[in-house]
Amino acid sequence: MSKQSGRGRVAGLPDWDRCAVMGVVNVTPDSFSDGGRWFDTTAAVKHGLQLVAEGADLVDVGGESTRPGATRVDEAEELRRVIPVVRGLASEGVVVSVDTMRASVAAQALAAGAALVNDVSGGLADPEMIPVVADSGSPFVVMHWRGFLDGGNVKGVYDDVVREVVDELHARVDAVLAGGVAPDRIVVDPGLGFSKEADHDLSLLAHLDRLHALGHPLLVAASRKRFLGRVLAGPQGAPPPARERDPATAAVSALAAHSGAWAVRVHEVRATADAVRVARAVEGARAGDDTPGTRTSRQARTSTNTPMSAPVPAPTPAPAPAPDATPGAHAATDTPGAHGPHDAPRPPHTPDGAEGAR
């Protein structure tokens, strides 16, 4: 969707004309999704630049795994992991988001060049987070969060998951606004996989319009998460490993983009970058934008019904044409295929399965 349809924009960040793609760089040894492949600073910066080359609009750097059962790292270690990577990417002109629940890490990351704070706790884990963000004037992602997942999928009980997530996010946004963060710098995230089972995540994806009613741009972070594995494995199958869920992630990204998400957060960028661009092209065609070929086709169809002075000979009293004369001299202007291809590529289908945290 375009901005007019509710995607919105975030003050302090570029104004993309489609759903943005947020690539993920986990500078951790124990991420559920990539198992420490980018733990080294040089490797992490190189990976972030590669994500941008593949189509990422911004890069989310995190130094602490939030998967269920993960042990929290101490502040000094998180800073050691994150700040050099943020600085290295920002120095290359990358729009950097810092994924942290600590105000001190957020503050130093912003000083090192980060443009956005992505806090999975929405400011609940550290009472200093909201003042730090408000003082910096940076955009802030407020995620739905019910607590640390050190005891498993905690507090994942809902009577109506969509209503409760919307209500709890609304309350959290109110607290963030009261703390001084500007309304045009708030992004909301439903927290897929956090204190939620697969059916909860699917219900939230099916009702993104209810989350849009909060009045803030929406970030959807479904990449490689457990609910995708449950869907693809079926009732009796084993969920596939996290890295085999990227095609399913791209499908969700296209759906989220079509539903008006401001951004999607993904580990594998290329397929999702293609998916959101296709979604934008379809939106443009539906809205009657200047899609290549649209006006030309319309004009061609109109011209077949409009009198044309030069090519049409004036009638004469000559005898009528022979019975085998062929009518429809203008039919060639509406040739098959003149309106462009009709079949967009279908997202690939592969098995799935894995945890739904960072």
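**Figure 1. Helix α1 in the predicted model spans residues 41–53.** In this predicted model, the 13 residues of α1 reach 18 Å from the first C-alpha to the last, close to the 18 Å expected at 1.5 Å a residue. At the start of the helix, a side-chain oxygen of Asp40 reaches to within 3.1 Å of the backbone nitrogen of Thr42. Just after α1, Gly55 takes a positive phi of about 125°.

**Figure 2. Buried and exposed residues of helix α1.** Ala44, Val45, His47, Gly48 and Leu51 are the buried residues shown in α1. They cover an arc of only 160° around the axis and therefore fall on the same side of the helix. The elements that cover these buried residues include the strands β1 (20–26) and β2 (58–62) together with the helices α2 (75–91) and α10 (269–287). The exposed residues Thr42, Lys46 and Ala53 are carried on the face of α1 that is turned away from its buried side.

**Figure 3. Surroundings of Glu64 in the loop between β2 and α2.** Is Glu64 buried or exposed? With a relative accessible area of 7%, Glu64 is buried. When neighbours within four places in sequence are left aside, Glu64 is in contact with Thr28, Arg72, Val73, Glu78, Met101 and Arg102.

**Figure 4. The salt bridge between Glu64 and Arg102.** The structure holds 15 salt bridges. In the one formed by Glu64 and Arg102, the closest N and O atoms are 4.0 Å apart. This pair links distant parts of the chain, since Glu64 belongs to the loop between β2 and α2 and Arg102 to the loop between β3 (96–99) and α3 (103–111), 38 residues apart. Arg102 is buried, with a relative accessible area of 15%, and Glu64 is buried as well, at 7%. Side chains of opposite charge can pair when their charged atoms come close.

**Figure 5. Salt bridges of Glu77 within helix α2.** The side chain of Glu77 meets that of Arg80 in a salt bridge, at 2.9 Å from N to O. Glu77 and Arg80 are separated by about one helical turn because they are 3 residues apart in α2. A salt bridge also joins the side chains of Glu77 and Arg81, with an N to O distance of 2.9 Å. Glu77 and Arg81 are 4 residues apart in α2, about one turn of the helix. Which of these arginines is buried, and which is partly exposed? Arg80 is partly exposed, with a relative accessible area of 45%, whereas Arg81 is buried, with a relative accessible area of 8%. Elsewhere, salt bridges that share partners join Asp60, Asp99 and Arg265 into one network.

**Figure 6. The open sheet of 8 strands and its edges.** The strands follow the order β6-β5-β4-β3-β2-β1-β8-β7, and their pairing is parallel. Which strands stand at the edges of the sheet? They are β6 (186–189) and β7 (219–220); each has a single partner strand, so one side of each is left without a neighbour in the sheet. Strand β7 is joined by 2 bridges to β8 (residues 263–266), and the two run parallel. Leu219 has Ala263 in β8 as its bridge partner. Strands of a sheet pair through backbone hydrogen bonds, either parallel or antiparallel.

Key. Residues numbered from 1 in each chain as written. Predicted model: local features only at pLDDT ≥ 70, side-chain atom pairs only at ≥ 80, totals over all residues. Heavy atoms only, no water. Expected span 1.5 Å × (residues − 1). Buried < 20%, exposed > 50% of the residue type's maximum accessible area, 1.4 Å probe, protein only. Arc of directions from axis to C-beta. Contact = heavy atoms within 4.5 Å. Polar contact = N/O pair within 3.5 Å; in protein donor to acceptor, adjacent residues only side chain to side chain. Pairing = 2+ DSSP bridges.
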